[in-house]
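Trainee: I should like to understand the terms used for this protein. May I ask how each of them is justified?

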Amino acid sequence: MRNEMHAGVQKAGNDGFDRYTASLIVVAGDGTGEEHLVERPRWLVGRGPDVDAGFDDPEMSQRHLRIEFARGRFHAVDLDSTNGTRVNGIGIESAELAHGDRIEAGGHVFQILIERRERCSWPQGSAGGDVPRIQ
């Protein structure tokens, strides 16, 4: 099952990260409606300092969770936060994420949006290949 607890996620790398766009949308808590772009394969959420997405939330740990891209998938990893992290209502240590999943951290709820960037390879002579221009 996708949200099962895992002992840990293997080392994150850029192994395909650039083929995706991901962002967290705040759906409950201060900043509702804000979008935070996940800009790198290891991305921190918490009260800060030194986090990628910081929130003034007394129920959130300073370094609450990490969004991580590993083995071609996005994961939410709880960083031993005081109040824990939940994905789709289930408490997790680490969970694989899918487009639309909800992540609870402190008094905030986020929805993750994940989209694959399509790369077009046009065959020679097709609409994207070597076609003479009309002038």
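Mentor: Let us begin with pairing: two strands pair if DSSP finds at least two bridges between them. On that basis, 5 strands of this predicted model form an open sheet in the order S4-S3-S5-S6-S9, with mixed pairing.

Trainee: What makes strand S4 and strand S9 edges of the sheet?

Mentor: Strand S4 (53–54) and strand S9 (94–96) each have a single partner strand, so one side of each is left without a neighbour in the sheet.

Trainee: How do you know that S6 and S9 pair?

Mentor: The rule asks for at least two bridges, and S6 and S9 are joined over 3 bridges in the antiparallel sense. Within this pairing, Val77 has Ser94 in S9 as its bridge partner.

Trainee: What is the order of the strands in the sheet of 6 strands?

Mentor: That open sheet runs S2-S1-S11-S10-S7-S8, and its pairing is antiparallel. Its edges are strand S2 (35–37) and strand S8 (90–92); each has a single partner strand, so one side of each is left without a neighbour in the sheet. From one strand to the next, the twist averages 30°. Strand S7 (residues 85–87) and strand S10 (residues 102–105) pair over 3 bridges in the antiparallel sense, and Val87 has Ile103 of S10 as its bridge partner. For the protein as a whole, the secondary structure comes to 0 helices and 11 strands.

Trainee: Why is Glu68 called buried?

Mentor: Buried means under 20% relative accessible area. Glu68 has a relative accessible area of 1%, so the residue is buried. Arg66, at 14% relative accessibility, also counts as buried. Across the protein, buried residues make up 38% of the 135 residues.

Trainee: Why is Arg42 called partly exposed?

Mentor: The partly exposed class lies between the buried limit of 20% and the exposed limit of 50%. Arg42 has a relative accessible area of 41%, and is therefore partly exposed.

Trainee: What makes the contact between the side chains of Glu68 and Arg42 a salt bridge?

Mentor: The nitrogen must lie within 4 Å of a carboxyl oxygen. For Glu68 and Arg42, the N to O distance is 3.0 Å, and the pair is a salt bridge. This pair links distant parts of the chain, with Glu68 in strand S5 and Arg42 in strand S3, 26 residues apart. Glu68 also forms a salt bridge with Arg66, where the closest N and O atoms are 2.6 Å apart.

Trainee: How do you know that Arg73 and Glu96 form a salt bridge?

Mentor: Their closest N and O atoms are 3.5 Å apart, which satisfies the limit of 4 Å. Arg73 in strand S6 and Glu96 in strand S9 are 23 residues apart, and the pair links distant parts of the chain. Arg73 is partly exposed, with a relative accessible area of 45%; Glu96, at 26%, counts as partly exposed. Salt bridges that share partners join Arg42, Arg66 and Glu68 into one network.

Trainee: Which residues touch the most other members of the largest nonpolar core?

Mentor: Among the 25 residues of that core, they are Leu24, Val45, Ile67, Phe74, Leu97, Ile103 and Phe110. Strand S1 (20–28) is one of the elements that give two or more residues to this core, and S1 gives the most, with 4 residues. Leaving aside neighbours within four places in sequence, Phe110 is in contact with residues including Leu24, Val45, Phe55, Met60 and Ile103.

Technical notes:
Residues are numbered from 1 along each chain as its sequence is written. This is a predicted model: local features need pLDDT of at least 70, side-chain atom pairs count only at pLDDT 80 or more; totals for chains, interfaces and linings use all residues. Side-chain values use heavy atoms; hydrogens and water are left out. Axes are lines fitted to C-alpha atoms, for helices over the stretch in contact, and angles run from 0 to 180 degrees between N-to-C directions. Buried means under 20% relative accessible area, exposed over 50%, partly exposed in between (1.4 Å probe, protein chains only). A nonpolar core is a set of buried Ala, Val, Leu, Ile, Met, Phe, Trp, Tyr and Cys residues joined through side-chain atoms within 4.5 Å. Contact means heavy atoms within 4.5 Å.
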